[in-house]
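Thanks for coming, everyone. Please pull up the model and keep it in view while I talk.

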Amino acid sequence: VFIRSPYLGIGPEMFIPVSYQLFPDGVMSYFPEEIHNGFMLFITERGIFTALICIFFFFKLWMSTREVIKDKVLKTMIYSSVLMSMTVMLFHPFINFFGLNVLLLMAIINYEKSSQ
């Protein structure tokens, strides 16, 4: 399915229909389930370009956290919470890039930058 449109993806929530269309007698005929890896599902549905933009976003978020947050314990908590949400994506067929912890992290960094 990824080879069909690697750069722009096949579209959000389109993995099952496209997979069934490509392989009508395959696994999708009796077990219509998405890939159990959120990263592969994200890249397949949204493409490499969007994945690169998300990687750039998380790199900038990591750099901002490193610059703004000075407390080592808070940094460790932030890094571990983002890592935990990414670990869940490894084993479940859902995408959780912008979970609650990432949104709170963006708010904390914005607050810390504005108060300096």
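What covers the buried residues of α3? Keep that question in mind for a moment. A word of caution before the answer: this is a predicted model.

Now the answer. The cover over the buried residues of α3 includes α2, residues 38-68, and α4, residues 100-115. Which residues are they? In α3, the buried ones are K75, I78, S81, V82, S85, M86 and M89. Their arc around the axis is only 135 degrees, so they sit on the same side of α3. Note that K75, a lysine, is in that buried set.

Turn to the other face. Pointing away from the buried side of α3 are the exposed residues K72, V73, T76, M77, L83, M84 and F91. Look at the names: V73, M77, L83, M84 and F91 are among the exposed ones.

A quick check on the geometry of α3. The helix has 20 residues, and at 1.5 Å a residue these should span 28 Å. The end C-alpha atoms are 29 Å apart, which agrees.

Next, the pocket. The largest pocket has a volume of about 360 Å³. How many residues line the largest pocket? The count is 17, and C54, F58, V82, M86 and F97 lie nearest its centre. Two of those names, V82 and M86, you have just heard in the buried set of α3.

Where does the lining come from? Both α2 and α3, the latter running 72-91, supply at least two residues each. The largest share is from α2, with 10 residues. What is the chemistry of the lining of the largest pocket, nonpolar, polar or charged? The lining has 16 nonpolar residues, one polar and no charged.

Stay with C54 for a second. C54 is in helix α2. Its relative accessible area is 10%, below the 20% cut-off, so C54 counts as buried. Along the chain, C54 and F97 are 43 residues apart. Their C-alpha atoms are separated by 8.3 Å. Both lie among the residues nearest the centre of the largest pocket.

Further along α2 we reach S64. Buried or exposed, S64? Buried, with a relative accessible area of 16%. Set aside its neighbours within four places in sequence, and S64 is in contact with I69, I109 and K113.

On to α1. Three residues of α1 are buried: F15, V18 and S19. Their arc around the axis is only 100 degrees, so they too are on the same side of α1. What covers the buried residues of α1 includes α2. That makes α2 a recurring name: part of the cover for α3, part of the cover for α1, and a supplier of the pocket lining.

Last, the segment before α1. P6 is there. P6 is partly exposed, at 22% relative accessible area. Which residues does P6 touch, not counting those up to four places away in sequence? They are G47 and I48. P6 and G47 are 41 residues apart in sequence, yet 5.4 Å apart in space, C-alpha to C-alpha.

The same segment before α1, which ends where the 15-22 helix begins, also holds E13. E13 has a positive phi of about 60 degrees, although E13 is not a glycine. Is the residue buried or exposed, with a relative accessibility of 60%? E13 counts as exposed, because 60% is over the 50% cut-off.

To recap the main points. The buried side of α3 is covered by elements that include α2 and α4. The largest pocket takes its largest share of lining from α2, with no charged residue in that lining. Questions, please.

Technical notes:
Residues numbered from 1 in each chain as written. Predicted model: local features only at pLDDT ≥ 70, side-chain atom pairs only at ≥ 80, totals over all residues. Heavy atoms only, no water. 1 Å grid on protein atoms, 1.4 Å probe; cavity = no way out; pocket = protein on both sides within 12 Å on 5 of 7 lines; lining within 4 Å. Points joined across faces, edges and corners; volume = space filled by probe spheres on them. Helix = DSSP H or I, 4+ residues; strand = E, 2+ residues; numbered from the N terminus. Nonpolar A, V, L, I, M, F, W, Y, C, P; charged D, E, K, R; others polar. Expected span 1.5 Å × (residues − 1). Buried < 20%, exposed > 50% of the residue type's maximum accessible area, 1.4 Å probe, protein only. Arc of directions from axis to C-beta. Contact = heavy atoms within 4.5 Å.
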